[in-house]
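Got your viewer open and a selection box ready? Here is a short tour, one stop at a time.

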Amino acid sequence: KKLTEIVAFTTMLTKFESKSARVKGLAFHPVRPWVCASLHNGVIQLWDYRVGTVIDRFEEHDGPVRGVDFHLHEPLIVSGGDDYKIKVWDYKLRRCLFTLLGHLDYIRTVQFHPNASQFPWILSASDDQTLRLWDFQKRTCLSVLTGHNHYVMCAAFHPTEDLIVSASLDQTVRVWDTTGLRKKQMGGGTENAGLLENMQSAQSRASATALNVQAELFGSNDVVVKYVLEGHDRGVNWASFHPTLPLLASAADDRQVKLWRMSETKAWEVDTLRGHANNVSCCLFHPKHDLVVSNSEDRSIRVFDVSKRVGVQTFRREGDRFWILATHRTQNLLAAGHDSGMIVFKLERERPASSHGPANKLYYVRGRELFCHDYARSSGNKSGVDVPIASLRRVGQQAQTDGIGSAPRFISYNQHNPSEGNVLVCSDVDGGTYELVTFSLSNASGSVTDGKRGNCLGPGVFLGRNRFAILDRHQRQIVIKNLNNETTKRVQPSVPNVDGILEG
């Protein structure tokens, strides 16, 4: 009950939107403004999301393509599809370089190793109930990971450690330790390797072949299961590692997102995040904020606060189920794939609210603080000095989580008052609120009058030395107030459906 009360239904900050067949796989390019989308009709699209155009299309898969990923350094894309094939593409040469064969059913996800310069590995998950690790330079299968007894819906490398996480319709999440395989691959080459190989007897070669066949059929002991996480009541569709903390998130057909914590010896369930009304397709940790983002066949994307374990944002689409999520490695960007295309979006604006004041000063908000940047003063090599003015009060329930829409949206400085500083700070939280901050111009941080607050729609504007105007969000009237926050006049706008007022 607490969850549904706190969830705020918000307009998505969409940067780019595409129309296409159902999007099943997504990946951001690590550097360029590109996003790769693999579609249910077998096409792979390479989009420039900044310009909004298709750069290229790759169409060699037979049937849906469910997984796609960019290489971190090389001009490579890997894809996996319902034709049981993993294909590696060179997007500069605009062609498929080679195909990796071995899986016996649909391939759900594919991923290059995050430490791509050291490990030329690809990880794949398949409906044949296995994960496979491939060396794409040698074009061979390194290891077959067996243990799941239903479709493996997702597999992912840990960003920094020798770990892999997998999610399966057998209702479990498994964490695998790849330390043995890493040591075997890194320590495999010696100067006498060729000589030793020539000296091998036919019998030892035959036994090596038998071991390879055994690895192909039953898996090898180079990769071992570290944890088996049980807790979901239905099949698990997705699992992902936290980028820095020992945490996992998993999404399942029981409509739940679960958080798990890992230690060296065990892993356990921390909490369950509820709110979705249908199968949860995908979930991941936000790379910059303490948030989990999930999407679902209930046509919604939900954002949860990891530390408080509550839902804080929900985005809805009318007719499209969501299938996949992706985050950018370095930027505040996410992408979501749905039945009729994809969207690239942000959870909050990164440009701070700001307003120019007199005497070469800029007033702006950073975090919960109001600052004055004085260009006339210099410190070292910096042009100007930041002077803290006031701490802003959190407003509304949604504002309890930083990083998703709680930051002030507009700031207005009173240019009509030469004797003291007046700043109106307006926010979109809870439908729209304002706070009037008054301070001394001679000692800005030392004499702040407690903010006077109220409800509004859009920005507020100063009309004179001691008057400001805001738009009443309920009656859509322009309300004139004095600096004591007392209403002196109400004006009905000359046009209906006014959504904001601006300085003339």
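A nonpolar core here is a set of buried Ala, Val, Leu, Ile, Met, Phe, Trp, Tyr and Cys residues joined through side-chain atoms within 4.5 Å. Keep in mind that you're looking at a predicted model.

**Stop 1: the cores.** Start by selecting Leu26, Val35, Val292, Ile301 and Phe345: these have the most contacts inside the largest nonpolar core, which counts 62 residues. For a second selection, pick Ala353, Cys372, Val425 and Phe439, which are among the 16 residues of a second, separate core.

Now go back to Val292. Which residues is Val292 in contact with, leaving aside neighbours within four places in sequence? Show Val257, Leu259, Leu273, Cys283, Leu284 and Phe285, then add Arg302, Val303, Phe304 and Val306, and you have the list.

**Stop 2: a glycine in a strand.** Next, select Gly337, which sits in strand 27. Gly337 counts as buried, at 0% relative accessibility. Measure from its C-alpha to that of Phe322: the two are 5.9 Å apart in space and 15 residues apart in sequence. Phe322 is also one of the residues that Gly337 touches, and if you skip anything up to four places away in sequence, the others are Val23, Leu26, Asn295, Arg321, Trp323, Ile324 and Met342.

**Stop 3: the second largest pocket.** Bring up a pocket surface for this one. The volume of the second largest pocket is about 990 Å³. Its lining has 39 residues, and the ones closest to the centre are Asp69, Gln111, Leu284, Thr327 and Arg329. Colour the lining by residue class and you get 26 nonpolar, eight polar and five charged residues.

Which strands each supply at least two residues of this lining? Highlight strand 2 (23–28), strand 6 (65–70), strand 10 (107–112), strand 14 (152–157), strand 18 (236–241), strand 22 (280–285) and strand 26 (322–327).

**Stop 4: salt bridges.** There are 18 salt bridges in the structure, and a few are worth a click.

- Asp339 and Arg22: the closest N and O atoms of this salt bridge are 3.0 Å apart. Asp339 is in the loop between strand 27 (334–338) and strand 28 (341–346), and Arg22 is in the loop between strand 1 (13–19) and strand 2, so the pair ties together parts 317 residues apart in sequence. Asp339 is buried, with a relative accessible area of 18%, while Arg22 is partly exposed at 24%.
- Asp82 and Arg66: here the closest N and O atoms are 2.6 Å apart. Asp82 lies in the loop between strand 7 (76–81) and strand 8 (86–90) and Arg66 in strand 6, so this salt bridge ties together parts 16 residues apart in sequence. Both residues are buried.
- Asp305 and Lys308: the closest N and O atoms are 3.9 Å apart. Asp305 is buried, with a relative accessible area of 3%, whereas Lys308 is partly exposed at 45%.
- Glu17, Arg317 and Asp320: select the three together, as they are linked in a network of salt bridges.

**Stop 5: positive phi.** Finish with two backbone checks. Tyr84 isn't a glycine, yet its phi is positive, about 70 degrees. You'll find Tyr84 in the loop between strand 7 and strand 8, where it counts as partly exposed at 35% relative accessibility. Then jump to Arg94, in the loop between strand 8 and strand 9 (95–100). Its phi is near 60 degrees, again a positive value in a residue other than glycine. Is Arg94 buried or exposed? At 55% relative accessibility, Arg94 counts as exposed, since the cut-off is over 50%.

How values were computed
Residues are numbered from 1 along each chain as its sequence is written. This is a predicted model: local features need pLDDT of at least 70, side-chain atom pairs count only at pLDDT 80 or more; totals for chains, interfaces and linings use all residues. Side-chain values use heavy atoms; hydrogens and water are left out. On a 1 Å grid over the protein atoms alone, a cavity is a set of points where a 1.4 Å probe fits but cannot get out, and a pocket is an open set with protein on both sides within 12 Å along at least five of seven lines; lining residues have an atom within 4 Å of a point. Grid points are joined across faces, edges and corners, and a volume is the space filled by probe spheres set on the points. Helices (H or I, at least four residues) and strands (E, at least two) are DSSP runs, numbered from the N terminus. Ala, Val, Leu, Ile, Met, Phe, Trp, Tyr, Cys and Pro count as nonpolar, Asp, Glu, Lys and Arg as charged, and the others, Gly among them, as polar. Buried means under 20% relative accessible area, exposed over 50%, partly exposed in between (1.4 Å probe, protein chains only). Contact means heavy atoms within 4.5 Å. A salt bridge is a side-chain nitrogen of Lys or Arg within 4 Å of a carboxyl oxygen of Asp or Glu.
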